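Biologist: Please take one part of this model and go through it slowly, piece by piece. I would like to know what pairs with what, and which way the side chains point.

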Amino acid sequence: MSYKSDIEIAQETKLQHIREIAKVAGVDEQYLEQYGNHKAKVDYNLLDKMADKPNGKLILVTAISPTPAGEGKTTTTVGLSDGLRKIGKNVVVALREPSLGPVFGVKGGAAGGGYAQIVPMEDINLHFTGDFHAISAANNLLAAMLDNHIFQGNDLQIDTRRITWKRCVDMNDRQLRFVTDGLGGRVNGVPREDGFDITVASEVMAVLCLASDITDLKARLARMIVGYTRDEQPITAGMLNAEGAMAALLKDALKPNLVQTLEGTPAFIHGGPFANIAHGCNSIIATKMALKLGDYVVTEAGFGADLGAEKFVDIKCRMAGLTPAAGVVVATVRALKHHGGVAKADLGTENLAALEKGLPNLLQHVENVSNVYGIPTVVAINRFPTDTEAELKLIEEKCKALGVNVALSEVWGKGGEGGKLLAGEVVRLCEEKGKFGFVYPDNASIEEKLNAIAKKVYRADGVDLTGPAKKQMAQLESLGFGNLPICMAKTQYSFSDNAALLCAPKGFRVTVRGLKVSAGAGFIVALTGEIMTMPGLPKVPSAEKIDVDVTGKITGLF
């Protein structure tokens, strides 16, 4: 059987004018800034107008540990939203913006799939409203001002060997990971080692997504550390007087973007921090705006529930004062068989033994969301045509033993109609009384926080800090950063820091090789394994399949 591609489905759908979507969402036109007929920004001053309005119920969609077989988390998020609307609920979606790097690399787009998509998908996956370009410009303005300060006499006594701020570009370009610049003689700058991150790994991205308003944005930008003096005192963007100009570049990017699902459900798509090196959630402003407009708000966190959901809870919810009413853990039979040791080519064949062997991955994620984070939870099985009734029944039985229901999600092929079952279960869960809580308290030490995440969430035996990490921990605590939450930079493919340890490993320890503060974002990044902040392209990048015809119609995007 042949299926239409995501872009074909999206291009065949007649979109509503963005003014009509704004009406559905309850956004007055005076707060709407149109970018053509199908995109708009919403003025963040709308939040002040709605300050006294009660919040809707926040639903977090997360997933099992990612596999090459795919899980369909964003597709489920979109389909669930349309499903909630199908059963008569007032719902708004709040998601991250895709990065150009993955779009042209391996992953492709990130606007859902099949009949559960956010549209216009081409715009969202490409330049959209220019937010990422603004973030790149702000990041690189700070880099230029930093190097100019050094060139013009270096009054702050910045040590060029201890500069931590990198330039950025929103593209997978391994050639730029490590560069030497300032060459060519005295007038061309001061020679030093430098490098580029992908834009979504820039701290400016994390700052934008965690800022509550323009004033908070400027304060956070000013706190960002760009390097150190020879006696290891931090140098901030504020000391370079950069925050005002950076905020000027970001003033429009701070406004949430309003678009729609294929079925006309309002959707805020705003911000997109890396889920490895940063917290992997859409902006606080967009989430809060959605909560004022919708009775139900469906959002998601990056990667599995050990990474994205933990950061959603311990960083985003902690900073924004949010309490999720329900959680959805997305899984597929195929992905669980992969965790059970089945090769990708054989995932379409029934294999109950392998499925049972891989199920502990799902069950540990479910236990984390429902018990560790205290969020009432349902498992959404993103159904594939090759799934057998016996396989689906096995998952249901194992989840029910933990007191968690399972709902089949058929949104990829059926849109909102295929999400009604899941939507009904989510509505029921939202009426339950959860025991929401954080993995660790604010006043715990850095090492205590690291061990809490490793032991409670990953089920590790503990954390080992290398010599440099211990020194960095002492320095961060002496500088007054010990009370900040932890942002784990860890592989998404395993609960451990070893990507090859699938399912739910036991008897391992997590090695932290470095600690660095993102003082503007307000968290400490704990580096484990080898996490790339500038990805590379694969041998055959998705970019080779993307084209545009004489009418401007794009093909090959997925």
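Modeller: What follows is a walk along a few connected strands, with a short look at another sheet at the end.

This is a predicted model, in which local features need pLDDT of at least 70, side-chain atom pairs count only at pLDDT 80 or more, and totals for chains, interfaces and linings use all residues. Residues are numbered from 1 along each chain as its sequence is written, and side-chain values use heavy atoms, with hydrogens and water left out.

For the setting, the chain has 19 helices and 26 strands (DSSP runs numbered from the N terminus: helices are H or I with at least four residues, strands are E with at least two). Its C-alpha atoms fill a box of roughly 70 × 55 × 50 Å along the principal axes. Of the 558 residues, 59% are buried (buried is under 20% relative accessible area, exposed over 50%, partly exposed in between, with a 1.4 Å probe and protein chains only).

The part to look at involves β4, β5, β6, β14 and β15. Start with β5, residues 112-113, which is joined to β6 by 2 bridges, the two strands running antiparallel (strands pair if DSSP finds at least two bridges between them). Across this pairing, G113 has A116 of β6 as its bridge partner. The two strands make a hairpin with 2 residues between them. One residue of that turn, G114, has a positive phi of about 60°.

Now follow β6 itself, which covers residues 116-119. The side chains split into two directions: A116 and I118 point one way, while Q117 and V119 point the other way. Residues on both sides of the strand are buried, Q117 included.

Besides β5, β6 is also joined to β14, residues 257-261. There are 2 bridges here, and the strands again run antiparallel. I118 of β6 is found opposite T261 of β14.

From β14 the path leads to β15 by way of another hairpin, this one with 4 residues between the strands. G264 lies in its turn and has a positive phi of about 85°. The two strands run antiparallel and are joined by 4 bridges, with Q260 having P266 of β15 as its bridge partner.

β15 spans residues 266-269, with P266 and F268 pointing one way, and A267 and I269 the other way. These four residues are buried. β15 is also joined to β4, residues 91-95, by 3 bridges, and here the strands run parallel. At that junction, L95 of β4 has I269 of β15 as its bridge partner.

As a second example of strand pairing, take an open sheet of 3 strands in the order β7-β12-β13, with antiparallel pairing. Its edges are β7 (158-163) and β13 (234-236), which have a single partner strand each, so one side of each is left without a neighbour in the sheet. β12, residues 225-229, is joined to β13 by 3 bridges, and G227 stands opposite I235 of β13.

To trace the main part again in order: β5 pairs with β6, β6 with β14, β14 with β15, and β15 with β4. The pairing of β4 with β15 runs parallel, whereas that of β14 with β15 runs antiparallel.
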